[in-house]
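Please open the model in your viewer and prepare to make a short series of selections.

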Amino acid sequence: MAAIAAGADAIYCGLKIFSARMEADNFSIEELGRLTQLAKTRRIDVYVAFNSIIKESEQEKVFKILNKLCKFVDFDALIIQDLAMIPLAQKAGFKKEFHLSTLGNCTFPSGLKTAQDLGFKRIVLPREFTIDEIKKMAEKTPKDIELEVFIHGALCYCISGRCYWSSWFGGKSSLRGRCVQPCRRIYEQKRNKKRHFSCMDFSADVLVKILKQIPEITTWKIEGRKKSPHYVYYTVKAYKLLRDDPKRKKEALAYLDYAMGRQFSHYNLLSQRRMNPLDHSSETGSGLFAGRIQNPASPFFITREALLPSDLLRIGFEDDQFHSIQKVTRAVPKKGKFYLNKLSKFKIKKGTPVYIIDRRGSELASVIKTLDIELSDIPKISIRPVEDKFKTAPLKKSEKSKIRTKEIILSRGKLRGNQSRSETEPGVWISTQAYSIPSPAKNWLWLDPVLFPEEENICSEYIAKAVKRGAKNFVLNALWQLSLFKNPKQLNIWAGPFCNITNSMTINLLKQYGFSGAIVSPELDQETFCSLPQASDLPLGIVIYGNWPLGISRIISQDLKTNQAFTSPMGETSWISKYNSNYFVFPNWYLDLTSKKEQLKKSGFSLFVNIHENIPRGIKMKNRQGLWNWNLKFL
């Protein structure tokens, strides 16, 4: 409602399931059907964010939802990360646009053509890009492809699609919309306790004038899910002014200040003046910082902002035991005292931050009331069962006795004596020491999980030289990396574990595009792992043992040192290693599915990968069970 009222050109939103913000309330198909009709009266497009990865057992469920969505909601595009969504949606009758989510991690120019070939009309670029990187992508954008860029909103510490932190620490996958935001918590390194990974928000604000000059960028995206109506309304109004009437930029910036978000920065946007969103003196809880609690016996705070009746206040962080939401019942002037309710007595620590998280001002309340009246005139939609045309492919006949298994030991340099075994095949990250180490032709050559525009040429040249020397075996860790090969079907190219593959429909699509095999996501649960081989047209691999990162980032806090231990509130130890320009965060215990190897062989897996990272001095690896989500449901 707030987005419609502010005059957004398009609105993206999620359903109750399979969106990247599962902790939000989200929409039922009934609600979305009527709201979409309301948006259409103002020529506003509606995009459905169906951007979760899909487990093997969920394909039929997804198809049924898509069937209803196509029948009862007049939406304009699907935003997705899982390739399985394309055939599923087409089978359900969807004939409009597919947009590749930023979680899909298309991060270098030639990858745009591969994305187009796979069926995407628009690519959402990573938040981590500089203006120069955006321009490089734009220069190589194929005809009929559009680019979408984030201009305002929250920042994750990790690069989109490369965060496993919430899943590794708590079984809730960010790639399935269930992130519990471990990066917002307090961590300690050498007695320095801080929210080392909690970022300020991103705001392009006046710099959108540069983006406006790039014709390939057709869409500016405001990250607004789980935000208040107040925030949505004023950020949309601000950027409409900056686009349509830039002379009124002071008014636009005032709207952004009034929107009640976190403190924000330009992040990497200006190549020559990058701003690290971790270098902040402010609190980074969501909402507008209003003050700190004084006197726990009768808790109050001196407000830095005027408070209005019906304002919502958040007391503390979500990981605080005393965290609560309180409503303002009377106006309090700036620098006035606001007393918390009596239930807060002695429960809240002195110094606890307070945030204004929502405001229902008279202007917004008035326009939403008008829209509510319009919505009430739109007949309610009766969602009826739709014909189920979903058919699963018959399982392949098991040929377990014929399966020849291989084992890869992957490293960033020479393997230590106890790591290398005669029955294993060597693998190497080709980016080791900035792509400077030639690799023997017999090695499995692994491409990085993230490849930014400035690395594309050097990576492509390395591949061409390796192929010329006789290299055949390559592992790609983003599907778009296929564009770096001249004749991929003449090589043994596997999709790697960072491609986040979780279902057979995606695997079978990869076969059509020249992949020889796929290493599935290590996030999966036992049931999903074991169901994949017989449903897949390609041989499958799995990471059986090794150092799997919590996440990969372009930034590090100035208060943290690489290769030194830091600990979480629960006592888990991790460290950060820098490889080329990226920072990898590793836990101090191994992913270890070696006890399940025979079961996985029987299921049909034929390639087993061991990943060995260089353990820094002073880091002690913990003897801890590393089954990850094997015994869980993989939420």
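The tour below visits a sheet and then two cavities of this predicted model.

**The sheet.** Begin by selecting β12, β17, β14 and β15, which in that order form an open sheet of 4 strands with antiparallel pairing. Its edge strands are β12 (288-292) and β15, each of which pairs on one side only. From one strand to the next, the twist averages 30°.

**Strand β14.** Next, select residues 312-315, which make up β14; 4 bridges link this strand to β15 (residues 324-327), and the two run antiparallel. On its pairing with β17 (residues 353-358), β14 is again antiparallel, with 4 bridges. Now display Ile315: its opposite residue in β15 is Ser324, while its bridge partner in β17 is Val354. For Arg314, the bridge partner in β17 is Tyr355.

**The largest cavity.** How many cavities of 30 Å³ or more does a search of the whole structure find? The search finds 4. To view the largest, select Gln81, Gly104, Leu479, Cys499 and Asn500, which lie nearest its centre among the 18 lining residues. The space in this largest cavity is about 180 Å³. Its lining comprises 9 nonpolar, 7 polar and 2 charged residues.

**The second largest cavity.** Finally, select Leu125, Pro126, Arg127, Phe129, Ile134, Val149, Phe150, Phe202, Leu211 and Leu269, which line the second largest cavity. Its volume is about 80 Å³. In this lining, 9 residues are nonpolar, none is polar and 1 is charged.

Technical notes:
Residues numbered from 1 in each chain as written. Predicted model: local features only at pLDDT ≥ 70, side-chain atom pairs only at ≥ 80, totals over all residues. Heavy atoms only, no water. Pairing = 2+ DSSP bridges. Axes fitted to C-alpha atoms, helices over the stretch in contact; angles between N-to-C directions. 1 Å grid on protein atoms, 1.4 Å probe; cavity = no way out; pocket = protein on both sides within 12 Å on 5 of 7 lines; lining within 4 Å. Points joined across faces, edges and corners; volume = space filled by probe spheres on them. Nonpolar A, V, L, I, M, F, W, Y, C, P; charged D, E, K, R; others polar.
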